[in-house]
Structures are given as structure tokens and as C-alpha cells.
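Let's walk through this structure together, one question at a time. Keep the sequence and the 3D view open as you read.

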Amino acid sequence: MKHIDLIVIGGGPIGIACGLEAKKKGLNYLIIEKGTIVNSLYNYPINMQFFSSSEKLEIDNIPFISKEAKPKRNEALEYYRRIVTSNDLNINLFEKVSSVKKNSQLFQIETNKNNYTATYLIVATGFYDLPNTINVPGENLEKVSHYYKDPHFFAKQKLAVIGASNSAVDAALECYRKGAEVTMLVRGPEIGKRVKYWVRPDILNRIDEGSIKAFYNVTIDEILPDKINFKTADRKISIDNDYVLALTGYKPNFEFLKNIGIQLSEDQKLYPQYNEDTMETNIENLYLAGVICGGMDTHLWFIENSRIHATTILKSILKKQ
């Protein structure tokens, strides 16, 4: 069993920032990532453009140069990958943590490849792994997906996009422009207010002109192989359908947090409990970093406002040492 002073679970931007800070401070550290480098960003839509400008996505004061003020996915992948490789960060990729237990003063971490002990642990796993399901009959059909990658696949298809956030709006616009017949099914009364300010007028104009159909205040009743049945505030509707993108958001792996012993708030937000001055949880020497700190409130933390977690945590660890 290998002993590491500090293990970081999650190789996203904030996990990488923690690794950089640990290396600068001379700690024996390891980042464990279940997929590739910045795995969540890799699984974003191919043409996705960030809401934040490039300087707000920077970590460790390493400049992020992009062609546009708001960088795209491929530029972010290049930026974070170069940080990992140029700094020779100690990161194990495609290694999934299966359990974490604390015995005495050490954490015991079991993965699909190795077993470790660690004195300190940082959980920076984000929230992109588990989609918010809509829990209706037919959601498990092969034609239904909670992730969107590329619009080409949906050309000449009747596509329903469930949701009204940035991901849903981007998918609807891109697929429409590649020849899909797009219908948006929106749970609320309008397209989301948080949609990127340069995109929201585009989707509203496409809906107004009838290029993209939209129904509001929708409750999905059933997804069938060739149809979707739903109701609005005043009627029941059935539409022909080939594919469904249920882009209704994502959530942290709360079971993983609870199994470790991290306390969650008792309201619907399920905020994990931690000291805001140190990011240490109710478990001594176990820290949280990044967007996972927001629980179900996934609009609370972003790369730009959680990148400081790395310096905050390492300051706490060094003080203990």
C-alpha cells in the first residue's frame, strides 16, 4: 500500500490547481482522476464557448491566451493539458476511487488500480457525472441522452431538447443549424435568465420566427419510441420524435460524500459542510475544493471563484504541519 502525504480526488481545473500548489510547497502529492485530464471539460459539447473570459479561467497565474475574449472548449483543453504536462504534475488518469475510509490519522483510499494511505485528502470531483433525471417512463430508451456532444448526428431528425439553460439552448441552436427539427420543452415559463447574454437573443428570435418550436410550463408524461407525450398549463400534447436531449442539469455524487462521512445540509440544496476559512470538512484533514462545495446549487461556484480554494487549503495543511 502506497502512502502519499496529500491525495487530490479529481483532475479538473481546481484539482490541478491543488496539485500545482502542493508541488510548490514541496508536499508529496497525487491527483487521481477517473478519466482524462479535465475529464468534465472533455465531455462538454465540442463547440461550447465559456461564459467566463480566459483570464478568469487561469490557475496559478499562468496566462490563458485565446483567440476570442470567451474561449472555447478546445482552447481550455489545450490550456489545462499543457499545465499538467509542462509542470510534470503527479496525476494518475483513468483511475477511479471506489472507497475512502479514515482509520486513526490516515485515510485509506481504494481505487480500481491501487490502494493508498494519505494524511490529507482533497475532494474536487465537481458535479458533471450524475445528470438530474426527469423520472418518467421511457427515460431509459436508447434515443434519450443527458449529454450532448455534436450536432451533426441530429441532422434531419425530430429532436426534443428538454431544458432551458445554457446547455439546452446551445444544443437547440446548433442542432437547428445542422438541419434538425428542434422542439424545446421548458419546465418554467421562459428561457432561463442565466443563458449567455450573447446567445439568449438568438434563441428567442429563432423561437419567435418559428424556426425552433418551444413549449413552456411543460410536464413530461411519457417518452415513447416515436413520440413524446407531455402537458402544458392548459392542454395535453403529443409530438412525433426521433431523439431526446434531456439537458436538465447535473449534481455531485452525494452518495460518495456521505459514504466518506461528510455532513450535508438537511434542505434540498444538500450543501456539504466545511469551514469557509480553510475548506476543511467535518472530518479532520479532509477538504473540499471547487464546484462540489455548492451541493445542488450548481450556479454558486465556478472555476473563476473557486480557484482560490487551492491556496486556502494548502495554507491550512502547512499550518498543521
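Q: In what order do the five strands of the open parallel sheet stand?
A: Happy to start here, with a reminder that this is a predicted model. The pairing in this five-strand open sheet is parallel. Read across the sheet, the order is S8-S15-S9-S10-S11.

Q: Which strands stand at the edges of that sheet, and why is one side of each left without a neighbour?
A: An edge strand has a single partner strand, so one side of it has no neighbour in the sheet. That is the situation of two strands here, residues 144–145 and residues 213–215. They are S8 and S11.

Q: Which residue of S15 is the bridge partner of Ser145?
A: S8 and S15, the latter spanning residues 243–246, pair in the parallel sense over two bridges. Within S15, the bridge partner of Ser145 is Leu245.

Q: And which residue of S15 is the bridge partner of Val161?
A: S9 and S15 also pair in the parallel sense, over four bridges. Follow Val161 across to S15 and you arrive at its bridge partner, Leu245.

Q: At about what angle does helix H4 run to S10?
A: H4 covers residues 166–177 and lies across three strands: S9 (158–162), S10 (181–185) and S15. Taken against S10, the helix runs at about 165 degrees.

Q: Why do the buried residues of H5 lie on the same side of the helix, and how wide is their arc?
A: The buried residues in H5 are Arg200, Ile203, Arg206 and Ile207. Their arc around the axis is narrow enough to put them on the same side of H5, because it spans only 135 degrees.

Q: What covers the buried residues of H5, and which residue with a positive phi follows the helix?
A: The cover over those buried residues includes H4, S10 and S11. After H5 comes a residue whose phi is positive, near 90 degrees. That residue is Gly210.

Q: Is Lys193 buried or exposed?
A: To find Lys193, look in the loop between S10 and H5 (200–208). Its C-alpha is 9.6 Å from that of Asn166, with the two positions 27 residues apart in sequence. The cut-off for exposed is over 50% relative accessible area. At 64% relative accessibility, Lys193 therefore counts as exposed.

Q: What is the order of the three strands in the antiparallel open sheet?
A: The edge strands are S12 (219–223) and S14 (236–240), each pairing on one side only. On average, neighbouring strands of this sheet are turned by 25 degrees against each other, direction ignored. The order is S12-S13-S14.

Q: Which residue of S13 is the bridge partner of Thr219?
A: S12 and S13 (residues 227–231) pair in the antiparallel sense over four bridges. In S13, the bridge partner of Thr219 is Lys231.

Q: What is the handedness of the β-α-β unit made by S1, H1 and S2?
A: S1 and S2 (residues 29–32) run parallel and are joined by four bridges. One of the pairs is Leu6 with its partner in S2, Tyr29. Together with helix H1 (residues 13–24), the two strands make a unit that is right-handed.

Q: Over how many bridges do S1 and S6 pair?
A: Lys2 has Tyr116 as its bridge partner in S6. S1 covers residues 2–9 and S6 covers residues 115–123, and they pair in the parallel sense. The number of bridges is seven.

Q: Is Leu121 buried or exposed?
A: Leu121 is found in S6. Beyond four places in sequence, it touches residues including Leu6, Ile7, Ile9, Phe107 and Tyr287. The cut-off for buried is under 20% relative accessible area. With 0% relative accessibility, Leu121 therefore counts as buried.

Q: The backbone nitrogen of which residue lies 3.1 Å from a polar atom of the side chain of Thr281?
A: Thr281 sits in the loop between H6 (254–260) and S17 (286–288), and at 8% relative accessibility it counts as buried. Leaving aside neighbours within four places in sequence, its contacts include Ile262, Gln273 and Tyr274. The backbone nitrogen that lies 3.1 Å from the side chain's polar atom belongs to Ile283.

Technical notes. Residues numbered from 1 in each chain as written. Predicted model: local features only at pLDDT ≥ 70, side-chain atom pairs only at ≥ 80, totals over all residues. Heavy atoms only, no water. Pairing = 2+ DSSP bridges. Right-handed = clockwise from strand over helix to strand, strands pointing away. Buried < 20%, exposed > 50% of the residue type's maximum accessible area, 1.4 Å probe, protein only. Polar contact = N/O pair within 3.5 Å; in protein donor to acceptor, adjacent residues only side chain to side chain. Contact = heavy atoms within 4.5 Å. Axes fitted to C-alpha atoms, helices over the stretch in contact; angles between N-to-C directions. Arc of directions from axis to C-beta.
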